[in-house]
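Trainee: I am new to this structure and would be grateful for a close look at its charged side-chain pairs. Please then relate them to the interior and to the open spaces around them.

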Amino acid sequence: MGFIGNFQLKTRESGLLWLGIVIVYFSLRIQPLEIPLDRDEGIFGLIGQTILNGGLPYLDALDHKPPVVYYIYALALSFLPPTAFGIHLFLHFYNLLTLIVLFFIAKRIIGPEAGFWVAFIYAVSSISPYIQGFTASTELFMLLPLMLSLWLSLLATEDNIVRIPWIVLSGGFGALACWCKQPAVTSVAFVLILIVYRILTFQPPAQRTINCVKAISMWLIGGIVISLLIIAYFASQGIVYEFFYWSFQHNLLYTTGATLWDKLALALSRLWHIALNIPIVFALAFIGIFLKPKAPALPPVLFFIFVVLSFVGTTFGSAYRHYFAQLAPALALLSGMAVFTIVDRVKDSRAKNIITCLVLSILLIAEILPNYNYYFSQSPKAFSRKFFGNNPFPESVSIAEYLKKNTDPEDKIFIYGSEAQILLMAERPSATAFYNIYPLMQSKYPRYLEFQERVIKEVSQARPKYIISVFLPSSFLYDGKAQQRTAVFLEQYSSKYYSIVDQLFYNREQQAWVSSTHENSKREDKAKNGMITILRRKDIVGPQ
């Protein structure tokens with residue numbers, strides 16, 4: 001980056017820079033590849049499997065996300081195994097496309113050298129454990145259509161005209177980002193701000209008003225067309241009401257329980273924690289606000305607005321760590337332009353090369369050194385235990401293997417809990433459309449009793465070969481108020497038709513879920529830390 005003295009990069013030099021970025025990108029992702037799947041990945045993947053098997057989200061599989069993420073998972077699982085390795089491998093190649101689009105955005109704003117800085121910073125920061133970069137989350141999946149929308153808006157507003165095809169496509173990709181996860185709307189709003197800014201700044205005064213109206217109208221048309229196509233598809237399947245309920249109404253209920261100020265305070269607290277653990281990127285982004293590149297197509301302060309709008313998107317829910325992955329592109333753009341501006345002001349080529357190497361080293365060391373175990377030495381299962389506590393994500397792998405070995409592909413299984421990752425890896429169908437059980441456990445959902453009755457009916461009809469009960473607060477999210485008809489039914493139903501194969505209890509000393517046959521303490525004591533019960537239908541004979 002400092003090795004090239006001007007914007008005109010030679011093909012060989014560009015190739016070497018790309019090779020270096022790709023090597024860094026994948027080197028940091030080798031160890032996290034096999035971190036066990038979490039609940040979100042489990043539910044998205046299981047719905048993806050359902051789609052591949054001819055089912056439909058919001059009918060055969062119920063969850064409260066818009067549909068795009070399910071179809072992305074279906075695409076991944078159409079040629080990769082339903083394992084942590086397969087899903088995370090797809091994520092990292094998908095995220096690499098986001099990095100490439102970011103490069104072209106920065107290249108168009110300033111030049112190729114700035115593009116390489118932005119790409120390098122994104123390669124390093126987007127895998128950080130502090131934003132849960134190892135998880136195939138909706139946030140990371142929504143970034144590619146968001147960046148495509150941003151890049152196409154730049155192409156559409158060059159010179160003195162508005163290029164209608166590009167602006168329509170930009171609106172379409174912006175809509176796709178929102179149909180991946182709703183809070184993307186705040187980041188997508190930046191694309192509209194960018195369009196208006198470029199028209200008002202770079203186009204002749206006589207054409208500004210009409211071109212602004214034309215551009216915004218065409219952009220919105222692109223978004224509306226994509227949205228109507230998605231809605232029309234689910235309407236044609238006769239499930240438009242359930243589609244809207246789970247995509248929007250249930251989500252609004254899901255985010256209730258805290259005031260806007262409480263959510264903002266929580267998000268700011270989490271952001272401060274992340275900034276303290278990724279200080280170099282945040283510091284560079286802050287410095288970048290006040291720097292002035294020589295020939296910017298956009299002022300840095302505009303990308304600070306992008307950072308702010310991306311942050312606003314994290315305040316809609318509970319400010320989980322993976323929410324903050326949506327800040328990664330905006331931070332990379334702002335901090336990358338800052339580094340480029342600083343290095344570009346150094347005239348001596350030798351000094352420039354030294355500064356370039358120093359900054360690259362600092363960025364890498366600042367990320368790797370505090371997280372060395374995550375990147376290189378700690379086993380993926382050990383990291384999962386440390387990161388997610390006693391959630392049974394590592395043990396889900398062995399439970400899935402047991403179920404796959406002792407069932408046929410058509411045998412249905414009921415998970416009384418929210419551990420869909422077990423069924424995903426076992427490649428076995430659920431006895432109910434509720435792959436997560438939490439919608440039955442909270443009285444704030446007006447339909448929760450309806451959901452309970454549906455589960456009771458579906459389980460009774462399916463007669464699942466196995467029932468897995470996961471008694472753990474994080475798997476149930478029980479609010480302490482909701483009626484427990486499903487629990488009463490399950491206790492009576494399982495005692496009559498099922499026998500216990502094994503019970504797992506969380507052992508704090510071993511930091512693992514251990515079979516009851518390997519512990520001597522009383523069941524009552526062991527169950528305080530959680531309990532997983534594996535039950536098999538009594539009319540089935542097989543290995544224990």
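Mentor: K181 and E139 are both buried, in what is a predicted model. Their side chains meet in a salt bridge, with 2.3 Å from N to O. E139 belongs to helix α6 (residues 138–156), whereas K181 sits in the loop between α7 (164–178) and α8 (184–202), so this pair ties together parts that are 42 residues apart in sequence. The K181 and E139 bridge is one of twelve salt bridges found by a search of the whole structure.

A second pair offers a useful contrast in its setting. The side chains of K404 and E427 form a salt bridge at 2.5 Å, N to O. K404 comes from helix α18 (residues 393–405) and E427 from the loop between α19 (420–426) and α20 (448–462), so the bridge ties together parts that are 23 residues apart in sequence. K404 counts as partly exposed because its relative accessibility is 37%. E427 also counts as partly exposed, at 37% relative accessibility.

A third bridge joins E450 and R447, whose side chains meet at 2.8 Å, N to O. Here the two partners fall into separate classes of burial: R447 counts as buried at 13% relative accessibility, while E450 is partly exposed with a relative accessible area of 42%. This bridge belongs to a wider arrangement, for E242, R447 and E450 are linked in a network of salt bridges.

From the charged pairs we may turn to the nonpolar interior. The largest nonpolar core has 177 residues, and F141 and F324 are those with the most contacts inside it. Helix α4 (residues 84–109) gives the most to this core, supplying 13 residues. Once neighbours within four places in sequence are set aside, F141 is in contact with V69, I72, Y73, F90, L91, Y94, A136 and C180.

F324 leads on to the enclosed spaces, since this residue is among those that line the largest cavity. The structure holds two cavities of 30 Å³ or more, and the largest has a volume of about 100 Å³. Other residues in its lining include S125, I131, L271, I278, F282 and L331. The elements that give two or more residues to this lining are α11 (260–277), α12 (279–288) and α14 (328–344). By class, the lining consists of ten nonpolar residues, one polar residue and no charged residue.

The second largest cavity has a volume of about 70 Å³. Its lining includes V124, S125, N277, I278, V281 and E367. Two or more residues come from each of α5 (112–125), α12 and α15 (349–368). The lining divides into seven nonpolar, two polar and one charged residue. S125, I278 and V281 thus appear in the linings of both cavities.

The open spaces come next. About 990 Å³ of space lies in the largest pocket. Of the 39 residues that line this pocket, D40, Y254, Y320, H322 and Y323 are the closest to its centre. Two or more lining residues come from each of α2, α10 (240–254), α17 (380–388) and α21, and α10 gives the most, with five residues. The lining of the largest pocket divides into 15 nonpolar, 15 polar and nine charged residues.

The second largest pocket holds about 390 Å³ of space. It is lined by 20 residues, of which T50, N53, P429, S430 and Y435 are the closest to its centre. Both α2 and α20 supply at least two residues of the lining, and α2 gives the most, with four. By class, this lining has eight nonpolar, six polar and six charged residues.

Two details of the backbone complete the picture. Y58 has a positive phi of about 75 degrees although it is not a glycine. This residue lies in the loop between α2 (39–52) and α3 (68–77), and Y58 is classed as buried because its relative accessible area is 1%. L477, likewise not a glycine, has a positive phi of about 55 degrees. L477 is found in the loop between α21 (473–476) and α22 (485–497), and with a relative accessible area of 37% L477 is partly exposed.

Definitions and conventions. Residues numbered from 1 in each chain as written. Predicted model: local features only at pLDDT ≥ 70, side-chain atom pairs only at ≥ 80, totals over all residues. Heavy atoms only, no water. 1 Å grid on protein atoms, 1.4 Å probe; cavity = no way out; pocket = protein on both sides within 12 Å on 5 of 7 lines; lining within 4 Å. Points joined across faces, edges and corners; volume = space filled by probe spheres on them. Nonpolar A, V, L, I, M, F, W, Y, C, P; charged D, E, K, R; others polar. Core = buried A, V, L, I, M, F, W, Y, C linked by side-chain atoms within 4.5 Å. Buried < 20%, exposed > 50% of the residue type's maximum accessible area, 1.4 Å probe, protein only. Contact = heavy atoms within 4.5 Å. Salt bridge = Lys/Arg side-chain N within 4 Å of Asp/Glu carboxyl O.
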